[in-house]
Amino acid sequence: MAREKIFKGIAVSGGIAQGTIFIYETKKVEVFQTPILSVYLKDETERFHSAIGKTEQDLLNIKQRINQEIGGNFAEFLDAQILMLNDKELLQMVRKKIFEEKKNAEYVYHKVISDYAKKLGESKDQYLRERVADIWDVATRVLRNLLGLTHSSIVDVPKDSIITAHDISPSEAALINPKTVLGIATEAGGRTSHTAITARALEIPAVLGIKELMEKIENGESVILDGDRGILIKNPSSGRVHSYKITIRKDRELAKELSPYCEMPSRTKDGRHIDISANIEFFSEYTHAKKYGAGGIGLFRTEFLYLTRRGNPTEEEQFRVYNALAQRMKPLPVIIRTYDLGGDKIFSEYHEANPFLGWRAIRVSLDEPDFFKMQLRAILRASVNKNVKIMFPMISTFEEIKRTNIIFEKTKKELRAKKIAFDDDIQVGIMVETPSAALLSPHLSQQVDFFSIGSNDLTQYTLAVDRGNEKISQLFDHFHPAVLQLIHSVIDTGHGAHIWVGLCGELAADPIAIPLLIGFGVDELSMNPASIPRAKMVLRSITITECEKIAQEALCFRTALEVKKYLRRAIHKNFPGIEKVIK
Amino acid sequence: MLKEKITIMNENGLHALPASRFVKQASKFSCNVLITKGDIEVNGKSIMGILTLACEKGSKVILACDGPDEKKAMGALRKILEGND
């Protein structure tokens, strides 16, 4: 029996999974289905054959290199791969199906290969099952040549997998299938990377930032992934497996205990209503929001529309998503945030040394007004549902919100001229996520209908800590007194200007932070949907009077640690009922 | 057409490497080559077909060669299946 080994990383998405390592090496290809007009079918088969020819050349080149560098009969597997590539039956079937189904070669070829791979994968013989890897190896080369790209996909993952990779890009993370993937472990990334966000969205555990993981783990190894403690356990002992079974059971019991809160009103024990809404990333997640009893969508991130498509979606495509979301959530509000994209995601030739301080979010939108207006039109059109609000990311100067509002008003005017309907009373808000926006909030509040404090970025920018850098991620702490002072003052300023103030970072879901934020007077907390029942439970156990006292005192400390210690003590003294949901 | 019942004697079964030798050899002949195992029949010149037959050592198959050079083909291919090539 192999020895148990524990790897430490950053806990980014809670829960525990027992599964099998699946090493993801970013080499598979996504295949899209496109109809082909009859007149072009012959061209399509020719395109297919030239991809086969090119792939054969690629394989021969690799074989030659292996023969030179390694020698022996090591390259023999490539002979088998070349036979697989040129398999006449297979090629004929693909040709025939292109004509029959009138679909693109990628799609047809992929389908035919999948059938073969499936048959082999079902074999009792391990040697044969391993050939599936060869088949995909070849097929991926062909598909890549067909598509003329080196992109990869994460769709085809065996059941009960713990996906293990150096890193997973956002558009790949978006394709993770929670039916087969039980958890995620990577070398790169941190609490707020896209992989982390996706894992939480899919409600699967994830541990990121595990150093040198890929050197120490192999495909098919049995592991336990503990997303609460941030560890990956290879070859767990039977005692370990047993104790985890108990933990899993307890978690389920707590979830069960909290589940009635989904349905309950979100108000404090002394009766103040606080909006508890959901942060979502994909349209389909509105079902999570509803399931957990969200009072609305507090943040709909639109980046994924862009990233999963690898290009700007048309106005129509965007409108369909925004409109469908607004319709499904009606009458609950939906806050749509415009693209929070880095320039490098939009213009492949664009690179910069420091993207977090660079050309991103509203800065890109303002520099590319046509691109920006397309999104504004789509959001405005969806606002006919009367429950849509719009929010702009990463405002750091007064001019930015002025210019944004000018473009927004101009877009409205153009729609009116074309007699296209939208909600005239649509609320406009900004993310307060830079220290400059927080400090300028008295002026910014005159320009908008609401503030939403993005506590993740606000923390990062205030503390000058790159949250994705594993070496310093321990410096990233929302409870840092400097961050709390900014949050407190933004809420105060907003209320002074008679606008509402929400908070949509991870702080909103932290049971220790909720009494503090309520004490500061926050009007809305927006969080990952699964955290909502717990937040409601906390909210319903606390009183405004006590929270205000706690908040006042919490502002007097010098360090994040002191703040947290104090909050735990205060909760123990005033609201012991919520201690069981604090980890 | 020639037909023969053969027991796979190759140590690893008719897997990737013997299978590729088989396919390469079969492709040199102009006759049709068919392998049948149970009720599945595959083209002996298709590696994908042969792999999906999943022939381990000891499996019994029917090898059929049909065409002008069927006799030569049968002799050469039988050897591979029996592990004597």
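Which hand does the crossing of H3(A) and H4(A) have, left-handed or right-handed? Keep that in mind while you set up the view. The model is predicted.

**Stop 1: H3 and H4 of chain A**

Select residues 88-101 of chain A for helix H3, then residues 105-121 of chain A for helix H4. The two helices pack at an angle of about 130°. Their axes are 9 Å apart. H3(A) is therefore oblique to H4(A), as the angle is not over 145 degrees, where roughly antiparallel begins. Now the opening question: the crossing of H3(A) and H4(A) is right-handed.

Show side chains next. From H3(A), pick Leu90(A), Met93(A), Val94(A), Lys97(A), Ile98(A) and Glu101(A). They meet Ala105(A), Val108(A), Tyr109(A) and Val112(A) of H4(A). Colour this contact by class: 8 residues are nonpolar, none is polar and 2 are charged.

**Stop 2: H23 and H24 of chain A**

Move along chain A to helix H23, residues 544-554, and helix H24, residues 560-574. Here the packing angle is about 160°, and the axes lie 10 Å apart. That angle makes H23(A) roughly antiparallel to H24(A). The crossing of H23(A) and H24(A) is right-handed.

On the H23(A) side, select Glu546(A), Ile550(A), Glu553(A) and Ala554(A). On the H24(A) side, select Val563(A), Tyr566(A), Leu567(A), Ala570(A) and Asn574(A). The contact of H23(A) with H24(A) has 6 nonpolar residues, 1 polar and 2 charged.

**Stop 3: strand S3 of chain A**

Switch to a cartoon view and select strand S3, residues 16-23 of chain A. Which strands of chain A are joined to S3(A) by bridges? One is S7, residues 222-226 of chain A, which runs antiparallel to S3(A) and is joined to S3(A) by 5 bridges. Label Gln18(A) to find Ile224(A) of S7(A) standing opposite.

Another is S4, residues 161-165 of chain A. S3(A) and S4(A) run parallel, with 4 bridges between them. Here, label Thr20(A), which stands opposite Ser161(A) in S4(A).

**Stop 4: where chain B meets chain A**

Finish at the interface. Select the 17 residues of chain B that are in contact with 18 residues of chain A. On chain B, helix H1 (16-27) and helix H2 (47-53) each supply at least two residues of the side that touches chain A. H2(B) gives the largest share of that side, 5 residues. Colour the side of chain B that touches chain A by class: 7 residues are nonpolar, 8 polar and 2 charged.

How values were computed:
Residues numbered from 1 in each chain as written. Chains lettered and ligands numbered in written order. Predicted model: local features only at pLDDT ≥ 70, side-chain atom pairs only at ≥ 80, totals over all residues. Contact = placed C-beta atoms within 7 Å. Nonpolar A, V, L, I, M, F, W, Y, C, P; charged D, E, K, R; others polar. Axes fitted to C-alpha atoms, helices over the stretch in contact; angles between N-to-C directions. Parallel < 35°, antiparallel > 145°, perpendicular 65-115°, else oblique. Left-handed = near helix turned anticlockwise from the far one by under 90°. Pairing = 2+ DSSP bridges.
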